[in-house]
Amino acid sequence: MKNIKKQVAQAFLIVFVLLVGATMTSCSDMFEFELPEANSKPDLTPPSANFKATGTTDYLTFTFSNLSISATTYLWDFGLDGDGDGEIDTFSTTDAEYTFPGEGIFTVTLTASDKLGVVSTFSSTVEVIEPIVPPSIYPEILNGDFNEGTSNWKPSSFTGRNTNAFNASSDGDPLNYDGTPSGSTKTPGAKWTSSTSAGPSLSSSTRFAYQAITVSPNTNYIIEYSYAIKTDKDDIEGGDRVLVDILDGWYADGADAEVSTPLVQTVGDEANGKGNFKVVKKVFSSNATGEIAIWIYAITNDELYVDNVKVYPVN
């Protein structure tokens, strides 16, 4: 009888153990999906995409400064097929630069993601507008026809030299300032001789004409004038010639203007005789300030004349 009871008790214990084991296994399975991965941490600083677009001197080209936070990889989408390869232009760079095909409003999208695969997207529109270019300044050359003698052509000061600009003359260009015939063989002009020459004859008596003018910055202009050389005796190195420079700035002292490097220099050296004027034209680019000056002098052992000095924009 005792053996039977003992066997029943052992059988019951075995069943109980099996039931408890099964229950614990079921509980383990249930909690397996609720526990976080070992050593994992929550993403407390997810990425946030952002950028700033800035125009450049080329109105079609913009730079894009990446302002995203907590991101490690970036993808720029410009929504255009700029290179014509059949694919939308995208760049995997931190910052970007892009040249748009023309005027319009374009949407740019930046996708930023971190190492955990969390993604943030930011889009903004860029308006591309071709700027209006104002008309170029057409400078007024004061006394450009020398009808008022040396007025407006004298340097205000000149260390080591005199401020007389040239000799006033009645042997100027027979054409008026506007190019029409004057109807007279005698018109005012500017004159240089051996005593007022530069070059080998440079002295305190050498004369330089100077006039400061304002033009549009970084713009193409033309310097124009007419000149006549009475004779060329081959008695001066390089021959008789007039030099008309455009100086890079304004100068209070003629001595500083004399040693400066001009934006452009023109030379008239054909000796066609007194009264036979030849026109010189030359294109130059103005500087960044638009402050330039006309600088005229001669190298001659005879007589040389200048008239109708003009500066005007190309086109």
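**Entry 1: Asn143.** I looked up Asn143 in this predicted model and asked whether the residue is buried or exposed. Asn143 has a relative accessible area of 10%; the cut-off for buried is under 20%, so Asn143 counts as buried. I then located the residue: Asn143 lies in the loop that runs between β7 (119-128) and β8 (167-169). I also checked its backbone and found phi near 55°, a positive value in a residue that is not glycine. I note for context that most residues other than glycine have a negative phi.

**Entry 2: Asn308.** I turned next to Asn308, another asparagine with a positive phi, here about 50°. Where is Asn308 placed? I found Asn308 in strand β16, which covers residues 303-313. Its relative accessibility is 7%, and therefore I recorded Asn308 as buried.

**Entry 3: the sheet with β10.** I traced an open sheet of 4 strands and wrote down the order β10-β15-β12-β13, with antiparallel pairing. Which strands are at the edges? They are β10 (209-214) and β13 (264-268), and each of these pairs on one side only. From one strand to the next, I noted a twist that averages 15°.

**Entry 4: β10 and β15.** I then examined how β10 pairs with β15 (residues 291-299). The two strands run in the antiparallel sense, and their pairing extends over 6 bridges. I looked up the partner of one residue, Ile213, and found that Ile292 in β15 is its bridge partner.

Definitions and conventions: Residues numbered from 1 in each chain as written. Predicted model: local features only at pLDDT ≥ 70, side-chain atom pairs only at ≥ 80, totals over all residues. Heavy atoms only, no water. Pairing = 2+ DSSP bridges. Axes fitted to C-alpha atoms, helices over the stretch in contact; angles between N-to-C directions. Buried < 20%, exposed > 50% of the residue type's maximum accessible area, 1.4 Å probe, protein only.
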